[in-house]
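Work through the exercises below with the coordinates open. Each task is followed by a solution in steps.

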Amino acid sequence: MTRQELFTWVRQQYGTEPEYPWHDRNAVLRHNDNNKWYGVVLEVSADKLGLPEAGIMDVLNVKSDPLLIGSLRGQDGYFPAYHMNKEKWLSIQVFSLVNWNWMMPSKTCFL
């Protein structure tokens, strides 16, 4: 999935648009009702996620249930949250986002 495909999916599912508070490529996704973040798309150096390769990659940080986070972190493309509370947030390599079935309202705060 590309960054644009992610934003299209979020727009269709939740009616939210990315915001760019830092005037760069990093984007915040907010709940419509309370303006709190439910996700943030960041450009992150691969080494900051513990990967051996060099380069910049897009990650989606999402807030989720700690039990779900623990089970997802062992899968390829899923990491402890970059620059967020690692118990409540998860970083997902945007390129790895293929199956959105795990993002059900009961499991994440995507409401």
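Two strands count as paired if DSSP finds at least two bridges between them. The model used here is predicted.

**Exercise 1.** Decide whether strand E3 and strand E5 pair, and state in which sense, parallel or antiparallel.

Solution. Take E3 as residues 56-63 and E5 as residues 89-93. Five bridges link these strands. The cut-off is at least two bridges, so the strands pair, and the sense is antiparallel. One position to inspect is Lys63, which stands opposite Trp89 in E5.

**Exercise 2.** Give the strand order of the sheet and name its edge strands.

Solution. The order is E1-E2-E3-E5-E4, an open sheet of five strands with antiparallel pairing. Strand E1 (27-30) and strand E4 (78-80) each pair on one side only, which makes them the edge strands. From one strand to the next, the twist averages 25°.

**Exercise 3.** Which strands does helix H1 touch, and what angle does its direction make with that of E2?

Solution. Helix H1, residues 3-14, packs on the sheet. Its contacts are with E1, strand E2 (37-45) and E3. The direction of H1 makes about 180° with that of E2.

**Exercise 4.** Locate His23 and His83, and classify each as buried or exposed.

Solution. His23 lies in the loop between H1 and E1, with phi near 55°, a positive value in a residue other than glycine. His83 lies in the loop between E4 and E5, and its phi, near 65°, is also positive. Exposed means over 50% relative accessible area. His23 has 75% relative accessibility and therefore counts as exposed. His83 has 66%, so His83 counts as exposed.

Terms used: Residues numbered from 1 in each chain as written. Predicted model: local features only at pLDDT ≥ 70, side-chain atom pairs only at ≥ 80, totals over all residues. Heavy atoms only, no water. Helix = DSSP H or I, 4+ residues; strand = E, 2+ residues; numbered from the N terminus. Axes fitted to C-alpha atoms, helices over the stretch in contact; angles between N-to-C directions. Contact = heavy atoms within 4.5 Å. Buried < 20%, exposed > 50% of the residue type's maximum accessible area, 1.4 Å probe, protein only.
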